[in-house]
Every structure is written in structure tokens, then in C-alpha cells.
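Let's read a protein model together, one feature at a time. Take a look at it first, and then we can start with the questions.

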Amino acid sequence: MELLEIAKELEKQAAINGADIFVDVQTAKFCFFPVISDSGVVGAVGKYINKGKPSIGYFILNERIVKYALDEGFDVDSIFDSFKKNLFKETSKDEFFTIMKKKKD
């Protein structure tokens, strides 16, 4: 499945649940696109090479790490460099879709 097809599927499932999400499909040309859910969850879907084979990854931003870094005085630009291994959690497609299509309470 290509990234744009995934974006359309995600938007459709969110709409069925009555949730709004923002998908920046313009970035798909860079092999990823960010997603922001109605409930404020930030994620991304991207292509990458895993053991020599192309894969699609589904990632959720670890908000606790971002909050910690900001509380400790890190500027936004340095958070990625300092916490890149733990900044995003890879999830299954099903888990990603479940999280991103939830309607804001």
C-alpha cells in the first residue's frame, strides 16, 4: 500500500468515527507524512528500509518525552537530536489507526 492510499484510508476511518484529523500529504514525496488527531495526538507514517526491504512504519509521538524536555529547558530544535531514539514509538497499523481516529472528548 502506498502512503497516499494509507492517508486516504486514515482520513476515511476518522470521518466515520466523527473525528477530525490533519494529514499533510504534501510531505508524502519525502517518504512520510505527519498526522495530527482531533484529540491532539501527533503521529507519522513513513517508508523505511528494514533488513534490506521497504517497510511502512506507523509512529506515535511520545508526549511525555517532549514535555520532559521542554520542562528541562530544551528548545524545540534540540529535542529531536537529544531524544531521537525515544521520541516516536512505532506501533502496528491497527493500533495507529485506533489512536488517530478517536474522537476528541
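**Reading the fold**

Q: What percentage of the residues of the protein count as buried?
A: Buried means under 20% relative accessible area. In this predicted model, 31% of the 105 residues meet that mark.

Q: And how much accessible surface does the protein have?
A: The total is about 7,100 Å², and carbon and sulfur atoms hold 54% of that area.

Q: How many helices and strands are there, and what pattern do they follow?
A: You can find four helices and five strands. Going along the sequence, the pattern reads α-β-β-β-β-α-α-β-α.

Q: Why is the protein called as compact as a globular protein of its length?
A: Here we compare two values. The radius of gyration is 14 Å, and the globule rule gives 13 Å for 105 residues; these are close, so the protein is as compact as a globular protein of that length. As for its extent, the C-alpha trace spans about 40 × 40 × 25 Å along the principal axes.

Q: What share of the contacts joins residues 24 or more positions apart?
A: Counting contacts with a separation of 6 or more, such residues account for 48%.

Q: How do I read the aromatic rings, and how many aromatic pairs are there?
A: Two rings pair if their centres lie within 6.5 Å. That rule gives six aromatic pairs here. Have a look at Y58, F96 and F97, which form one aromatic cluster.

Q: What sits over the ring of F97?
A: That is the charged end of K93, 5.4 Å from the centre of the ring.

Key
Residues numbered from 1 in each chain as written. Predicted model: local features only at pLDDT ≥ 70, side-chain atom pairs only at ≥ 80, totals over all residues. Heavy atoms only, no water. Phe/Tyr/Trp six-rings, centres within 6.5 Å; stacked < 30°, edge-to-face > 60°. Lys NZ or Arg CZ within 6 Å of the ring centre and 35° of its normal. Helix = DSSP H or I, 4+ residues; strand = E, 2+ residues; numbered from the N terminus. Rg over C-alpha atoms; globule rule 2.2 N^0.38 Å. Buried < 20%, exposed > 50% of the residue type's maximum accessible area, 1.4 Å probe, protein only. Contact = heavy atoms within 4.5 Å. Areas by Shrake-Rupley, 256 points an atom, 1.4 Å probe, with all protein chains shown as cover.
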